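Work through the exercises below with the sequence and coordinates open beside you. Each task is followed by a solution that proceeds step by step.

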Amino acid sequence: MQFQQLQYFVAVAETRHFTRAAELVHVAQPSLSQQIKALERELGADLFRRARGNITLTDAGEALLPLARRILADTETARHEVQEVAQLRGGRVRLGATPSLCTGLLPDVLRAFHDRYPGVRLLIEEGGSHDLVRELARGALDLALVVLPLPTPSPALTTVELLREDLVVVSSPDATRPGRGRRTVRIADLEGERLVMFRHGYDLRELTVAACRAEGFEPEFAVEGGEMDAVLGFVRAGLGVAVVPRMVAPRSGHGLRVTPLARPGLHRAIALAHRSDVAPPRAARELQRMLLER
């Protein structure tokens, strides 16, 4: 089995078309087809079903695809690791984080990292913890900031808790203060309030809905489906209230009232995660150190 054959296989699997796959990997289509057939002979199984231009994966192809993607990703990581310039004058870090952490935690840390290592490229991917865990597992990220507990526990990941973050309620100053004007608000006080709610798969959505149900009521949504910036904008416009991380509120600009949650409140644990079977590249390890020492 050759590395190049795996490249060709993944290209065909993703495009479902031999000619487009050949263009993608910059090789003649007959050469690509020959290499795929050689790979199938080596493995002793057909990887694709070919029927009048309709290309689909066989069961063997479905089994090989995630493994091939991981091998290619690991090879790419190894290439970048070897090519890093001494003293971290080069290289890259692929960091995933939830949108709220991109807004609240990362700007100061990334600024300090960039000032110290200006030659290192920072590639940031925003997403929910579930998506980031999947990207880590397939080798598309070096590090990720995720919310614990993980949506799907993965023994292939190493996680180190970074911080515990309080959640607060934000509302428009023009609207009535939630909790009947008190300086703190209980989750039970949100019954009857119209909430601006994040999209499905967003960690804060699941946490807020679960807390409301634990108090015996189903939350009422005024608007749902947004990311962090959209949710804060809708709250600022007076469409409803939202439960957000405390660190986000000061960075969201004027036009929001912040009300703490009464004890015991709501909290979430933030962890730094990476694959257990592959050491992060040197630049990623340095960013990891700065995050843990922040």
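**Exercise 1.** Determine which residue of S4 stands opposite Leu95, and establish in which sense S3 pairs with its partner strands.

*Solution.* In this predicted model, begin with Leu95, which stands opposite Ile124 in S4. Widening the view from that position, strand S3 (residues 92-97) pairs with strand S4 (residues 121-126) in the parallel sense over six bridges. Next, turn to the other pairing of S3, where Leu95 stands opposite Leu143 in S5; strand S5 (residues 143-148) also runs in the parallel sense to S3, here over three bridges.

**Exercise 2.** Decide whether the two faces of S3 are covered or open.

*Solution.* Recall first that side chains in a regular strand alternate between the two faces of the sheet. Sorting the strand in this way puts Arg92, Arg94 and Gly96 on one side of S3 and Val93, Leu95 and Ala97 on the other, and the residues of both sets are all buried. The count agrees, since six of the six residues of S3 are buried.

**Exercise 3.** Classify the relative orientation of H1 and H3, and describe the contact between them.

*Solution.* The axes of helix H1 (residues 3-15) and helix H3 (residues 29-43) come within 9 Å and cross at roughly 105 degrees. Angles of 65 to 115 degrees count as roughly perpendicular, and H1 and H3 are therefore roughly perpendicular to each other. At the contact, Gln5, Tyr8, Phe9 and Val12 of H1 meet Leu32, Gln35, Ile36, Ala38 and Leu39 of H3; these residues divide into seven nonpolar, two polar and no charged.

**Exercise 4.** Locate Val244 with respect to the largest nonpolar core, and list what Val244 touches.

*Solution.* Start with the core of 30 residues, in which Val170, Ile187, Leu190, Phe198, Met228 and Val244 touch the most other members. Elements that each supply at least two residues of this core include strand S6 (157-171), helix H9 (228-236) and strand S9 (242-245). Val244 is found in strand S9 and is buried, with a relative accessible area of 0%. Not counting residues up to four places away in sequence, Val244 touches Asp166, Leu167, Val168, Val170, Phe198, Met228 and Leu232. As a final step, consider a pair far apart in sequence: the C-alpha atoms of Val244 and Asn54, 190 residues apart along the chain, are separated by 47 Å.

Key
Residues numbered from 1 in each chain as written. Predicted model: local features only at pLDDT ≥ 70, side-chain atom pairs only at ≥ 80, totals over all residues. Heavy atoms only, no water. Axes fitted to C-alpha atoms, helices over the stretch in contact; angles between N-to-C directions. Helix = DSSP H or I, 4+ residues; strand = E, 2+ residues; numbered from the N terminus. Parallel < 35°, antiparallel > 145°, perpendicular 65-115°, else oblique. Contact = heavy atoms within 4.5 Å. Nonpolar A, V, L, I, M, F, W, Y, C, P; charged D, E, K, R; others polar. Buried < 20%, exposed > 50% of the residue type's maximum accessible area, 1.4 Å probe, protein only. Pairing = 2+ DSSP bridges. Core = buried A, V, L, I, M, F, W, Y, C linked by side-chain atoms within 4.5 Å.
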